[in-house]
Structures are given as C-alpha cells and as structure tokens.
Amino acid sequence: MAEPSPAQRPAHLMEPELSFLIARYLSAGPCHRAAQVLVQELEQYQLLWKRLDWEGTEHSRSYEELVLSNKHVAPDHLLQICQRIGPMLDKEIPPSNSKVTSLLGAGRQSLLRTAKGTLI
C-alpha cells in the first residue's frame, strides 16, 4: 500500500514534526526562554516522534537527539516552508490580489483556499 501524501497524512502524525520545527525556529530567535519551555514540555509529555529499534519497540527521543539526527533542518526551516507555500498555491489557485501575501489571509487570500473557493 502506498504511503499517503503529506496532504493526506492525519494531523496527529504531523504534529510532532511541527512542534519540533516551531521549537527549532524559536531557538534561533529572540524568544529563547519560550523555546526552552516548549522543548521541556515536548520532552516531558513525550510529544516528539519516537524511534523504533530493530525489534519494533518505540523509544522516546530528546529534542537534542532530534536536532543531531536532523542536521539538514536549519533553525529557519519552518520559515522557509512558509515562504514556499504561498507561491506554490498561487500557481494552482490564484489569490484575489496577487500583491498581498500573508499567512493570515482570509477567503481568496487564505492559504487554505481551494479551487471551489471553500476552505479545507
């Protein structure tokens, strides 16, 4: 059976990655304490994705372990993703005003718009 596309993946499978990316983004900016608190809570509540050993047993990982095993993920990785989403969507479904770009747009300016004009 084929792996679901990222758009088809259930949100609960993407949440640990998104949480990691947010912590990574905050760690490089002026909100160091917010990043520290987020990392503490992610680890305390085991909200980061786990690794499987050769027997299929899950093991929790720390934020630092994930940073080391994902060296290709820069602190601004989430920002880079956000910068690429808008232009990709604009090619498929043009916004009502191409000069206005925002992650917070509504209606035809929303990043959640569809070809039918409804939100996902």
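## Helices H1, H2 and H4 and the second largest pocket

In helix H2, the buried residues (buried meaning under 20% relative accessible area with a 1.4 Å probe, protein chains only) are Ala-35, Val-39 and Leu-42. Because they cover an arc of only 65° around the axis, they lie on the same side of H2, the arc being that of the directions from the helix axis to the C-beta atoms. This is a predicted model, in which local features need pLDDT of at least 70 and side-chain atom pairs count only at pLDDT 80 or more, while totals for chains, interfaces and linings use all residues. Residues are numbered from 1 along each chain as its sequence is written, and side-chain values use heavy atoms, with hydrogens and water left out.

On the other side of H2, Arg-33, Gln-40 and Gln-44 are exposed, that is, over 50% relative accessible area. What covers the buried residues of H2 includes H1 and H3, contact meaning heavy atoms within 4.5 Å. Just after H2, Gln-46 takes a positive phi of about 50°.

The helices here are DSSP runs (H or I, at least four residues) numbered from the N terminus, and their expected span is 1.5 Å times one less than the number of residues.

| Helix | Residues | Expected span | Distance between end C-alpha atoms |
|---|---|---|---|
| H1 | 17 residues | 24 Å | 24 Å |
| H2 | 13 residues | 18 Å | 18 Å |
| H4 | 16 residues | 22 Å | 23 Å |

In H4 (residues 77-92), the buried residues are Leu-78, Gly-86 and Leu-89. They cover an arc of only 90° around the axis, which puts them on the same side of H4. The face of H4 turned away from this buried side carries the exposed residues Gln-83, Arg-84, Met-88 and Lys-91, whereas the buried residues of H4 pack against helix H1 (11-27).

In H1 itself, Pro-16, Phe-20, Leu-21, Ala-23 and Arg-24 are buried, and what covers them includes helix H2 (32-44), helix H3 (63-69) and H4.

Gly-86, buried in H4, is also among the residues closest to the centre of the second largest pocket, together with Thr-101, Ser-102, Leu-103 and Leu-111. A pocket is an open set of points on a 1 Å grid over the protein atoms alone, where a 1.4 Å probe fits, with protein on both sides within 12 Å along at least five of seven lines, and its lining residues have an atom within 4 Å of a point. The second largest pocket has a volume of about 210 Å³, and 14 residues line it. By class, its lining has six nonpolar, six polar and two charged residues, with Gly counted as polar.

Notes:
Points joined across faces, edges and corners; volume = space filled by probe spheres on them. Helix = DSSP H or I, 4+ residues; strand = E, 2+ residues; numbered from the N terminus.
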